[in-house]
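Student: I would like to learn how to read helix packing and chain contacts in a model. Could you take me through it step by step?

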Amino acid sequence: MNFLIGFVIFIAAILGVAIFLILPWQGMLVLLVLLALWMLLTRRGRQTASVAAVGVSTLTQRLGSSAVIVIGIAGVVAVLVAMLAMANGYSETLRRTGSEDTAIVLRGASSAEVSSVLEHDAAVVITQAPGIVKDDQGKPIVSPELVVAANLPLKGGDPDKDFGSVQLRGIGEQAWKLRPSAKIIAGRKFEPGKYELVAGKGAQRQFAGLEPGKQIKLGNQTWTVAGIFASNDAMDSELWADAQIVGPAYRRGASSTSVFAKLTNPAAFAPFKAALGSDPRLQVDVTTTLEYFSKQSEGTSKAITIIGIVVGTIMAIGAVFGALNTMFAAVATRAREIATLRAIGFRGLPVVMAIMLETMLLALVGGVLGGAIAWLIFNGYTASTLAAGTTGQLTFEFNVAPSVLWIGLKWALAIGFIGGLFPAVRAARLPVTTALREL
Amino acid sequence: MKYLHLIWAALFRRKTRTILTLVSIVAAFLLFGLLDAVRVSFADAGKSANGAERLQTGARLSFIQPLPQGLGAKIAAVKGVKDVAYVNWFGGAYQDPHNQVFTFAVSPNYLDIYPEVTVPPEQRKAFDATQDGILVGELIMQKYGWKVGDKIPLQSQIFPDKTGSKNWNFELVGVMSSKDQKAFQSQMIMLHWKNFDETTPYNQGQVGWYVSRVNDVNQSDRIAKEIDALSANSDHETKTQSEQAATQNWVKQMADIGLIVTSIMGAVFFTLVLLTGNTMMQAVRERTSELAVLKTIGFSNTSVLGLVLAESVLLLLLGGVVGLSLVSFLAPILTSRSGGMITHASVGAGSWAMGIGLAVAIGIVIGLLPAMRAMRLNIVDALAGR
């Protein structure tokens, strides 16, 4: 019999957690309203409320052990939220780089810009495709670009040894019109035809010597840093220079790696793609930049999310047992009190509900605390990694979005749910006479 | 030692509480073991006696820039260089263009530079004899279930053949293996550089990077400088560093693994200290009268202190050992599931020592407060329940 009840509770716990984790916030709100109504309108609900009120009011006397639940859960939520915020920030940065109305053209079967080569003739053909926006002078906004990798000394490292890889993008004048988000924030644009470049603000943070007016060495050539630009996306991690200079410097001639095109509207993409696909002079893959950059982030952000969930789960197991311990102790010290309640006519359900409410309240505090810690420390925190599909460091910011915080809060409540359920049932099932005789 | 049964009895005085606490501790040390295994696996990348003997020479401009083939002979002539091999990045993918497999086109003597990689002699001979043969690392063989003799189609993400198609066909002629699957060749595919160079119109005798083996590790720095001096002020300046340094540079660029691991572990152990500390406080509080009895029958203040401290250390050690043992059991699964991201994740002697050290340290930290309380206990007050 005991085993059966234990089993039923176990199933209930699993189900409860599953529901918590799936439920959208609207569902949670409905549950909350139902609970409040039940507590206000029914007799048992009112009993629950009064028992819970007693429990909550004695919390201050058990500050130490209550803190275990709060801090244990805060730890889990902080780590989980930080990891999810990292994954979120990474994919967000790449997704922002793309849009539905710009297309990227790569040589067929190239998974990334760096592994693609488009000859000059091909780039010219692509320029004439339909659906491309024209600028004031009637020139199509198309930008053939040449992406290469450059080695630069890292900031704060040994300038002879600690080199990092940065992506150098050779661009033409149209590139600025194609990416209106890219703005010069210091210095000026590079002058075409000169060994000059502009650095993204992410790259500037990462590498040494990228200050306006300074000179850097790439290979055996000296380049002048003309200015710094910001575009708040993956491009921030790059260096931009004139494609006519980058090509010869990297022995790539007039070829490019990719062609970007600004389309009149998202609907123009399908005919644009069809036109290039049917052109016998070309063998290219056409995608919207949104799809291209989202795909680049997929693997890495998935990996970070999985690591976060694994670490979070192991920590959550620890926290669940901590909560169980505390609540068992709390129930044990209040055994007489609970038995008295039941002796004077309170039923089992209000007792169970009250203890659950108390645990979940502590869990909620822990969840909010953990989320707040993660938000304070990590929101906007800059990190960098070698991005998949590029040859350079990608700088990105942790993004503690509301959706991430919400997930953290749900985990907190789920931990509180399990941690409270078993002690609550034990309190309700303890024979009244035994409990009254205890101590 | 003679008090062990007493400590043990005190520890399991409240079975539920101790077991619940133990599970929390096990979870914390499980996490510690896993993360430390990952950290060690990254920190050890390229760190082997053989790795220090090898120098990598790549273009200073960027690692994707090729070098002329003629440079090889000049490097071989540098004093102290035993052997020089050259390698090109092939950019292979299997089945799906996004399913990347590390594929290198290598010179015939490449394997001689990596003595830790073993290929059965007859397979090596078969590889040397074929034009389109490939050698495949054992982990990749396992992953895709290939057999020697299979025809393997690979897509190159970069290089088309003469007809413009990027689908290459190879014959699997041999397997590369290494002790503990530690060498990176265990997850790599190797094809003939000659085959590669002749099939694609885009390479034209260029080399991705050179790997040279030196006679004396202590001469490495001088040799590296001399190799770089060979092409100074040319249009293909080089940068030479030991394989170890090169790998570590890559790992560092991937992510600051050490920092991530340390901050997660900080959060975990902070939580653990609070949680277990609370348990110990409870345990001592409810045993006040028992401790008073112990003192009455002659236990000194310090031995009571020792008893309580030993109890908390024992609790942590129990949890720590169980947790780390669990990692030893889980690590091989982690290695195989990570798809080559993490190699050789296991709990080494270093991790064990650190884990046990941490357990003892945390045990002392959390035991100290309750133990002091027990030590200062006034017998009369405690027995009277004041």
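Student: At what angle do helix α2 of chain B and helix α14 of chain B pack, and how far apart are their axes?

Tutor: Two packed helices are described by the angle between their axes together with the distance between those axes. In this predicted model, helix α2 (residues 15–43) of chain B and helix α14 (residues 349–375) of chain B pack at an angle of about 145 degrees, and their axes are 10 Å apart. The crossing of α2(B) and α14(B) is right-handed.

Student: Which residues make the contact between α2(B) and α14(B)?

Tutor: From α2(B) come Phe29(B), Phe32(B), Gly33(B), Asp36(B), Ala37(B) and Val40(B), while α14(B) brings Gly350(B), Ser351(B), Met354(B) and Gly355(B). Sorted by class, the residues of this contact are five nonpolar, four polar and one charged.

Student: How many residues does each chain give to the contact between chain B and chain A?

Tutor: The size of an interface is often given as the accessible area lost when the parts come together. Here we can use residue counts: 41 residues come from chain B and 41 residues from chain A. On the side of chain B that touches chain A, the elements giving two or more residues are α2, α10 (243–254) and α11 (257–286) of chain B, and α11(B) supplies the largest share, 11 residues. That side of chain B has 20 nonpolar, 17 polar and four charged residues.

Student: Into which domains is chain B divided?

Tutor: Chain B has domain 1 (4–45 + 256–384) and domain 2 (61–236), and the C-alpha centres of domain 1 of chain B and domain 2 of chain B lie 49 Å apart.

Technical notes:
Residues are numbered from 1 along each chain as its sequence is written. Chains are lettered from A and ligands numbered from 1 in the order in which they are written. This is a predicted model: local features need pLDDT of at least 70, side-chain atom pairs count only at pLDDT 80 or more; totals for chains, interfaces and linings use all residues. Axes are lines fitted to C-alpha atoms, for helices over the stretch in contact, and angles run from 0 to 180 degrees between N-to-C directions. Helices (H or I, at least four residues) and strands (E, at least two) are DSSP runs, numbered from the N terminus. A crossing is left-handed if the near helix is turned anticlockwise from the far one by less than a right angle, and right-handed if clockwise. Two residues are in contact if their C-beta atoms, placed from the backbone, lie within 7 Å. Ala, Val, Leu, Ile, Met, Phe, Trp, Tyr, Cys and Pro count as nonpolar, Asp, Glu, Lys and Arg as charged, and the others, Gly among them, as polar. Domain bounds come from an automatic or database domain assignment.
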